[in-house]
Protein chains: 2
Amino acid sequence: MNDFQIDMNEFLPLRDVVFNTLRKAILTGQLRPGERLMEVHLANKLGVSRTPIREAIRKLELEGLVIMIPRRGAEVAQITEKSLKDVLEVRRSLDVLSVELACERITREGMEELLSACEEFEQATKGKDASIIAKADVKLHDIIVEATGNQRLKQLVNNLSEQMYRYRFVYIKDESQHDKLIAEHREIYEGILERNKEKAAAAARLHIDNQEKSIISQIRLEKRM
Amino acid sequence: MNDFQIDMNEFLPLRDVVFNTLRKAILTGQLRPGERLMEVHLANKLGVSRTPIREAIRKLELEGLVIMIPRRGAEVAQITEKSLKDVLEVRRSLDVLSVELACERITREGMEELLSACEEFEQATKGKDASIIAKADVKLHDIIVEATGNQRLKQLVNNLSEQMYRYRFVYIKDESQHDKLIAEHREIYEGILERNKEKAAAAARLHIDNQEKSIISQIRLEKRM
DNA sequence: TCTATGTATTATGTATACAATCTTACATAG
DNA sequence: CTATGTAAGATTGTATACATAATACATAGA
């Protein structure tokens with residue numbers, strides 16, 4: 001399975017292609033925590049020289065996805081229950097901020113997009129394809145952070161969300177939760193529509209709380225194996 | 001003025017030394033927004049080769065301190081009123097989260113440190129040295145985020161604070177504001193002591209609001225010049 | 001048998017060389 | 001005088017070479 005490949009379609013400097021490739025490989029679990037990232041090995045595998053590999057690793061380092069050991073190189077950072085709880089704690093706060101700001105700033109068009117995103121999500125849950133559901137979920141949240149008009153917030157929320165990429169399916173696969181998810185989305189939508197910060201914030205908070213429960217129980221399951 | 005130098009005392013890979021050097025130069029304004037970072041030039045200036053320079057630039061890029069223009073290289077990112085407002089908006093939210101978590105989690109020792117930090121700050125304001133005041137202020141806030149026990153939060157708050165490094169003096173130099181700052185710190189301290197989240201959060205929010213006012217008026221002043 | 005030391009191997013850290021592309025300036029044609 | 005084309009120079013993008021530190025393994029000595 002350890003068989004990620006470079007996507008040559010992209011018209012980007014190699015360092016960015018490598019960065020995206022490694023990033024995705026880490027977030028999807030193709031590169032496992034603790035695994036060493038050896039430059040020549042990766043360079044051969046991806047068909048580039050060491051330079052772009054190194055530059056990509058520098059960025060992964062700053063993102064916290066790999067840790068550097070001096071004179072030994074990079075390895076994939078461990079994802080612990082603690083580190084995920086930390087991420088979720090921050091994300092909860094920023095998601096609440098997002099919906100609150102959206103209450104103030106969303107435009108008429110944004111509101112329409114949000115409604116159709118809610119409906120799309122609802123439709124998606126009727127099918128069986130988890131990746132379609134996940135995509136609909138992401139789109140919905142993207143519309144909200146976009147509505148804040150705060151680029152920094154958008155960047156941070158996206159980054160924090162991606163930290164949990166590996167677990168994005170656990171709370172979506174569980175069909176018994178679908179009605180709950182739909183209701184939460186609808187509550188957030190209504191809150192923003194009514195420009196009711198408290199309502200929207202409470203719903204967003206609940207939304208993350210539920211995700212946290214799913215993800216944490218999944219981690220404990222994995223640890224036992 | 002454009003005369004930053006490498007600090008050779010540090011025992012770190014050159015890329016990290018260069019990263020820290022450039023970072024500081026940008027945050028203090030020695031490297032001005034819009035200024036180009038040319039690799040050979042920096043390499044000669046700092047007495048290293050292009051490789052560590054490039055790796056440092058990759059990290060600055062991810063931090064948003066420089067922007068990359070393809071085939072043209074890096075230049076120092078512009079700091080606009082909008083981008084600072086965005087940063088402050090996020091920071092307000094995370095500072096509030098920090099004091100709320102501190103209410104739950106701070107230890108007895110943490111509480112003692114916080115008290116003495118408050119007193120140190122109060123003492124510092126009696127002197128005239130702004131950098132001592134600034135340092136006392138930073139220490140106080142460090143104790144709070146440390147008390148949350150959330151490493152990710154700590155990293156993000158520190159990063160966001162540093163984005164405003166250039167303006168750290170504007171709200172500290174103004175002596176008429178000192179009493180207000182002391183009172184706000186004291187209010188935060190009391191809130192955490194009483195484990196009163198609402199009180200602590202309100203004080204933290206007020207604290208950032210006041211900083212924002214100082215910084216924004218300073219920026220408008222600079223723009224006019 | 002265990003420990004210590006030396007050597008070979010491997011990978012990173014840094015520097016440099018080469019290639020591709022962009023900018024700029026200058027010349028020439030309209 | 002202006003506009004366009006071309007060539008030279010400068011700068012980034014990528015690859016490779018060299019230096020140095022860490023590691024592992026083997027061998028010698030106690």
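In this predicted model, the side chain of R15(A) places an N or O atom 3.3 Å from a phosphate oxygen of DNA strand D. Such a pair is a polar contact, defined as two N or O atoms within 3.5 Å; within protein, one of the atoms must be able to donate a hydrogen and the other to accept it, and residues adjacent in sequence count only if both atoms are side-chain atoms. A phosphate oxygen of DNA strand D also lies 3.4 Å from a side-chain N or O atom of R54(B). The elements that supply two or more residues to the surface near DNA strand D are α1 (14–28) and α3 (50–63) of chain A, together with α3 (50–63) of chain B. Helices are DSSP runs (H or I) of at least four residues, and strands are runs (E) of at least two, numbered from the N terminus.

The model is predicted: local features require pLDDT of at least 70, side-chain atom pairs count only at pLDDT 80 or more, and totals for chains, interfaces and linings use all residues. Residues are numbered from 1 along each chain as its sequence is written, chains are lettered from A and ligands numbered from 1 in the order in which they are written, and side-chain values use heavy atoms, with hydrogens and water left out.

**The two DNA strands**

DNA strand D is surrounded by 17 residues, the closest being L14(A), S49(A), T51(A), R71(A) and R71(B). A residue is near a strand if one of its heavy atoms lies within 4 Å of it. Of the strand D atoms within 4 Å of the protein, 60% belong to sugar or phosphate, and the rest belong to bases. With 3 residues, α3(A) gives the most to this surface near DNA strand D. The surface near DNA strand D comprises 6 nonpolar, 3 polar and 8 charged residues. In this classification, Ala, Val, Leu, Ile, Met, Phe, Trp, Tyr, Cys and Pro are nonpolar, Asp, Glu, Lys and Arg are charged, and the others, Gly among them, are polar.

DNA strand C is likewise surrounded by 17 residues, with R50(A), R71(A), L14(B), S49(B) and T51(B) the closest. Sugar or phosphate accounts for 59% of the strand C atoms within 4 Å of the protein, and bases for the rest. At least two residues of the surface near DNA strand C come from each of α3 of chain A and α1 (14–27) and α3 of chain B. The largest share, 3 residues, comes from α3(B).

Polar contacts to bases and to the backbone of the DNA include the following.

| Protein group | DNA atom | Distance |
|---|---|---|
| R50(B), side chain | base nitrogen, strand D | 3.0 Å |
| R71(A), side chain | base oxygen, strand C | 2.8 Å |
| S49(B), backbone | phosphate oxygen, strand C | 2.7 Å |
| R50(B), side chain | base nitrogen, strand C | 3.5 Å |

**The interface of chains A and B**

Chain A and chain B each bring 30 residues to their contact, where contact means heavy atoms within 4.5 Å. The area buried between them is about 2700 Å², with carbon and sulfur atoms giving 54% of it; buried area is the accessible area (1.4 Å probe) that two parts lose on being put together, summed over both.

Between chain A and chain B there are 8 salt bridges, each a side-chain nitrogen of Lys or Arg within 4 Å of a carboxyl oxygen of Asp or Glu. E55(A) forms a salt bridge with R54(B), and the closest N and O atoms are 2.7 Å apart. Across this interface, 19 residue pairs are in polar contact, both residues being at pLDDT 80 or more. On the side of chain A that touches chain B, α1, α3, α4 (81–105) and α7 (151–162) each supply at least two residues. The most, 10 residues, come from α4(A). By class, this side of chain A has 11 nonpolar, 6 polar and 13 charged residues.

A rotation of 180° with 0.0 Å of shift along its axis superposes chain A on chain B, with RMSD 0.0 Å. The two copies are thus related as by a two-fold rotation axis. The superposition is by least squares on the C-alpha atoms of residues with pLDDT of at least 70 in both copies. Because 100% of the interface residues of chain A are also interface residues in chain B, the copies meet through the same surface.

**Salt bridges in the whole structure**

Over all chains, a search of the whole structure finds 52 salt bridges. D209(A) pairs with R92(A) in a salt bridge whose closest N and O atoms are 2.4 Å apart. D209(A) lies in helix α10 (residues 197–224) of chain A and R92(A) in helix α4 of chain A, so the pair ties together parts that are 117 residues apart in sequence.
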